[in-house]
Amino acid sequence: MAMVSTSLTPASQLSGHKSAAGSPPLFSGLRRSSKLDSASLSTTQSFFQSVNSHIRICSPSTRPCRGIVAMAGTGKFFVGGNWKCNGTKDSIKQLVSDLNSATLEPDVDVVVGPPFVYIDQVKSSLTDRIEIAAQNSWIGKGGAFTGEISAEQLTDIGCKWVILGHSERRHVIGEDDQFIGKKAAYALGQNLGVIACIGELLEEREAGKTFEVCFKQLKAYADAVPSWDNIVIAYEPVWAIGTGKVASPEQAQEVHVAVRDWLAKNVSAEVASKTRIIYGGSVNAGNSAELAKKEDIDGFLVGGASLKGSDFATIINSVTAKKVAA
Ligand code: PEP
């Protein structure tokens, strides 16, 4: 697994919500909880008994789960598949069939983003368990905009989500932060959920500008949108997209913590807590579990590996990695 080694500021310096070294955090569900009474947890055994009675996601096995990894946010795990400009009627039929027959953990929001021309085919054949995202939408109401697709049209054909700010739209097509922010605001106004992508280029990371770039992109969304209720943030370092160079779990976590802190400071503590921050960039069936264990990684946006039903299902089911095996 190739990784880029440039590191950033230690995550511990960025967030006030990390536990002190040496003192184990308390958990409720997948999350650290302030409601559990530490005084009543006098032994390791009683600590885990309490955890077991609070778990929200647990395997149907009769063996209790002994420990779990916290989830910092309060949002449900979210996994999106970005099919990009791939597929034919036949290959998409096969992919839909594989997804329909896959066993998926219940406590995950799952979304796929087919190319526009296949959305109708997917919508009419895919299980309702999985929602549909478009890969782009126009900045405003439809009309004389050749080649564009409006948010109204996406809602009309049953899309629930749209991916905006993807690095390929930013760096290949040339969309800028403000344009993307306005698109997000318009899409939200048409009742689409927005998967709002951010992420730095390799040279920006190497120049120590990762946070600066991500915060600038976040600010453009924040300046434009009326609410964060239907936004999922996808942190996708550009150097990791489609390259096989996945960010290490620590590198991803470091930026996710910084993004959550930015939301807390610049929007609100509530938005910071409930907004899902998902990671994208060469996620696959082999690396998703390690990434999922990180506290501030609330799911994934997946490109290449979402084109294979069984791999995508494995990535979705990596939510279980947030529990430590008994
Ligand atoms: C993406 O395009 O959003 C993406 C993360 O691609 P990949 O998983 O192929 O790197």
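**Exercise 1. Describe the largest pocket of this predicted model by its volume, its lining and the classes of its residues.**

Solution. Begin with the space itself: the largest pocket has a volume of about 360 Å³. Next, turn to the residues around that space, where 14 residues form the lining, and K84, C85, Q135, E168 and R169 are the closest to the centre of the pocket. Then ask which element contributes the largest share, and the answer is α5, with 4 residues. Finally, sort the lining of the largest pocket by class, which gives 7 nonpolar, 4 polar and 3 charged residues.

**Exercise 2. Find how many cavities of 30 Å³ or more the structure holds, and describe the lining of the largest cavity.**

Solution. A search of the whole structure yields 1 cavity of 30 Å³ or more, and the volume of the largest cavity is about 40 Å³. The lining of this largest cavity is made up of G165, H166, S167, R170, C197, I198, G199, E236, V238 and I241. Two or more of the lining residues come from α5 (167–173), and the same holds for β8 (193–198). Divided by class, the lining of the largest cavity has 4 nonpolar, 4 polar and 2 charged residues.

**Exercise 3. Work out which residues surround the ligand, which backbone atoms lie by its oxygen atoms, and what percentage of its accessible area the protein covers.**

Solution. Start with the shell, in which 14 residues surround the ligand, the closest being K84, H166, E236, G242 and S282. By class, this shell divides into 4 nonpolar, 8 polar and 2 charged residues. Now look at polar backbone atoms: one of G242 is 2.6 Å from an oxygen atom of the ligand, while for S282 the distance from a polar backbone atom to a ligand oxygen is 2.8 Å. For G303, a backbone N or O atom lies 2.8 Å from an oxygen atom of the ligand. As a last step, consider the cover: on its own the ligand has 290 Å² of accessible area, and the protein covers 95% of it.

**Exercise 4. Place L301 in the structure, and decide whether L301 is buried or exposed.**

Solution. First locate the residue, which sits in strand β11, a strand that spans residues 299–302. Then apply the cut-off, by which a residue counts as buried when its relative accessible area is under 20%; L301 has a relative accessible area of 2%, and therefore L301 is buried. To finish, compare sequence with space: L301 and G81 are 220 residues apart in sequence, yet their C-alpha atoms are 5.9 Å apart in space.

Note on methods. Residues are numbered from 1 along each chain as its sequence is written. This is a predicted model: local features need pLDDT of at least 70, side-chain atom pairs count only at pLDDT 80 or more; totals for chains, interfaces and linings use all residues. Side-chain values use heavy atoms; hydrogens and water are left out. On a 1 Å grid over the protein atoms alone, a cavity is a set of points where a 1.4 Å probe fits but cannot get out, and a pocket is an open set with protein on both sides within 12 Å along at least five of seven lines; lining residues have an atom within 4 Å of a point. Grid points are joined across faces, edges and corners, and a volume is the space filled by probe spheres set on the points. Ala, Val, Leu, Ile, Met, Phe, Trp, Tyr, Cys and Pro count as nonpolar, Asp, Glu, Lys and Arg as charged, and the others, Gly among them, as polar. A residue is near a molecule or strand if one of its heavy atoms lies within 4 Å of it. A polar contact is a pair of N or O atoms within 3.5 Å; within protein, one must be able to donate a hydrogen and the other to accept it, and residues adjacent in sequence count only if both atoms are side-chain atoms. Accessible areas come from the Shrake-Rupley method with a 1.4 Å probe; for residues, only the protein chains shown count as cover. Buried means under 20% relative accessible area, exposed over 50%, partly exposed in between (1.4 Å probe, protein chains only).
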